[in-house]
Amino acid sequence: MQTSIPCTIMRGGTSRGPYFLATSLPEDWPTQEKVLLAALGSPSAQQIDGIGGGTSLTSKTAIISASTRPDADVDYLFAQVGIDTLSVDIAPSCGNILAGVGPFAIESGLVKAGAEETVVRVFNVNTRKLIEVRVKTPNGQVEYEGDTAIDGVTGTAAPVLLNFLDVAGSKTGTLLPTGNAWDMIDGVPVTCIDAAVPMVVIAAESLGKDGAETKAELDSDTDMMARIESIRRAASWKMGLGDASGKVIPKVALVSAPRKGGSICSRYFVPDNCHASHAVTGAICVSTCAMVPGSVAAPFLGTVFGDSTLHIEHPSGQIEIVLDIQPAAKGIDVRSAGVIRTARKLISGELYVPSFIWSGIPRARVS
């Protein structure tokens, strides 16, 4: 016996995963965790018994519901599903998966489409922050085709504009949770910063790297990875996040001077391996860090396009971030951060999990 669950699989930015309506899943979180693990096929390195792709970029889910907040249309809960572990982490968010939330909400009937463009006001449950998502909807239909390209994805698609509001202090409540532009941890200068996601930013040269290494080169350096993890765990305590063992935040970025006409070069860690391109939230945080006077990233800041548009160089190309920054008594105030992504619906239908995990009664059918 298996339980069927309505589901849409989408590519959002440079990630992919199933999108669910919250009403299609179990109400209690322990059972919901088991359902998500079964849906993705975890724990298994290849996730062969589920729809996960065996990588951190393809072991993600989005859970969407109508919002009760007056300033939001929908609530978005992101879940990072462990690949070879029985873990479902809802501490972080994902800006790439967020790119699919607007189209999914419109096509699920949670938001009425406009004649040309639809603004979906999203409340991110993970970070308790608001994001405006602008979706192309000519003739009241979600447009997936277009000529916008993003690095890390083959081909082009219709643009989805994500405008993150009030990004500072997503988990710690403040932009610089240690109160300093930089701190010394394990003999390495770092900046502990929280803009869209809490991160530890390190100059690549501090770890003996030039910052332009490939993902494979960085992942194979086990000594460096161990050192990064030691710094990350110590930084987590300093940032008020507690024990980071087994958790994915704070994230880590190695930064260096740009090589390809961008604003800064970054290698983003998820955190146990280097991201193939770059997380959206991580790019917002690195961009913000580069604009903070005295941070470890500030000396590497190259070209700033317009008033405050930064291009972050990553292993697969670049990602553009538009910041709305104002001077503040203690440095800067980041009012919003915008980024262009694309999304594409891949499959819409029924996903099946064993009924001994969840019977689905009364909200789903049992085959």
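# Exercises on a predicted protein chain

The protein chain carries 30 positive and 37 negative side chains, and the centres of the two sets are 3 Å apart. Lys and Arg count as positive, Asp and Glu as negative, while His and the chain ends are not counted. Each charge is placed at NZ of Lys, CZ of Arg, CG of Asp or CD of Glu.

This is a predicted model, where local features need pLDDT of at least 70 and side-chain atom pairs count only at pLDDT 80 or more, while totals for chains, interfaces and linings use all residues. Residues are numbered from 1 along each chain as its sequence is written, and side-chain values use heavy atoms, with hydrogens and water left out.

## Exercise 1: the whole chain

Describe the fold elements, the radius of gyration and the burial of the protein chain.

Solution.
- Start with the elements. The protein chain has six helices and 16 strands. Helices (H or I, at least four residues) and strands (E, at least two) are DSSP runs, numbered from the N terminus.
- Next, take the radius of gyration. For 367 residues, a compact globule would have a value near 21 Å; the protein chain has 20 Å, which agrees. The radius is taken over C-alpha atoms, and the globule rule is 2.2 Å times the number of residues to the power 0.38.
- Then look at the box. Along the principal axes, the C-alpha atoms fill roughly 60 × 45 × 35 Å.
- Now check burial. Of the 367 residues, 54% are buried. Buried means under 20% relative accessible area, exposed over 50%, and partly exposed in between (1.4 Å probe, protein chains only).
- Finish with contacts. Among contacts with a separation of 6 or more, 64% join residues 24 or more positions apart. A contact means heavy atoms within 4.5 Å.

## Exercise 2: two helices

Find the span of helices H1 and H6, and list their buried residues.

Solution.
- Begin with H1, residues 29-40. It has twelve residues and reaches 16 Å from its first C-alpha to its last, close to the 16 Å expected at 1.5 Å a residue. The expected span is 1.5 Å times one less than the number of residues.
- List the buried residues of H1: Thr31, Gln32, Val35, Leu36, Leu37, Ala38, Ala39 and Leu40.
- See what they pack against. The partners are strands E1 (2-12), E2 (15-21), E3 (60-66), E4 (74-81), E5 (88-89) and E16 (331-354).
- Step past the end of H1. Glycine 41 has a positive phi of about 90 degrees.
- Turn to H6, residues 280-291. It also has twelve residues. Its span is 17 Å, close to the expected 16 Å.
- Count burial in H6. Eleven of the twelve residues are buried, so H6 is largely enclosed by the rest of the structure.
- Name them: Val280, Thr281, Gly282, Ala283, Ile284, Cys285, Val286, Ser287, Thr288, Cys289 and Ala290.

## Exercise 3: backbone in the loops

Locate two cis peptide bonds that precede prolines, and two residues other than glycine with positive phi.

Solution.
- Go to serine 42 and proline 43. Their peptide bond is cis, with omega near 5 degrees. Proline 43 sits in the loop between H1 and E3.
- Go to isoleucine 249 and proline 250. A cis bond joins them, with omega about 5 degrees. Proline 250 is in the loop between helix H5 (222-238) and strand E12 (251-256).
- Take asparagine 139. Its phi is positive, about 60 degrees. It lies in the loop between E7 and E8. Its 72% relative accessibility makes it exposed.
- Take aspartate 186. Its phi is near 55 degrees. It is placed in the loop between strand E9 (183-185) and strand E10 (188-194). At 46% relative accessibility, aspartate 186 is partly exposed.

## Exercise 4: distances in sequence and space

Set sequence separation beside C-alpha distance for valine 153, valine 119 and alanine 66.

Solution.
- Valine 153 is in the loop between strand E7 (129-136) and strand E8 (159-165). Serine 316 is 163 residues away in sequence and 9.0 Å away in space. Leaving out residues up to four places away, valine 153 touches Arg11, Gly13 and Thr14.
- Valine 119 lies in strand E6 (residues 117-124). Valine 133 is 14 residues away in sequence and 5.6 Å away in space. Valine 119 is partly exposed, at 32% relative accessible area.
- Alanine 66 lies in strand E3. Methionine 225 is 159 residues away in sequence and 41 Å away in space. Contacts of alanine 66 beyond four places in sequence are Asp73, Val74, Asp75 and Leu110.
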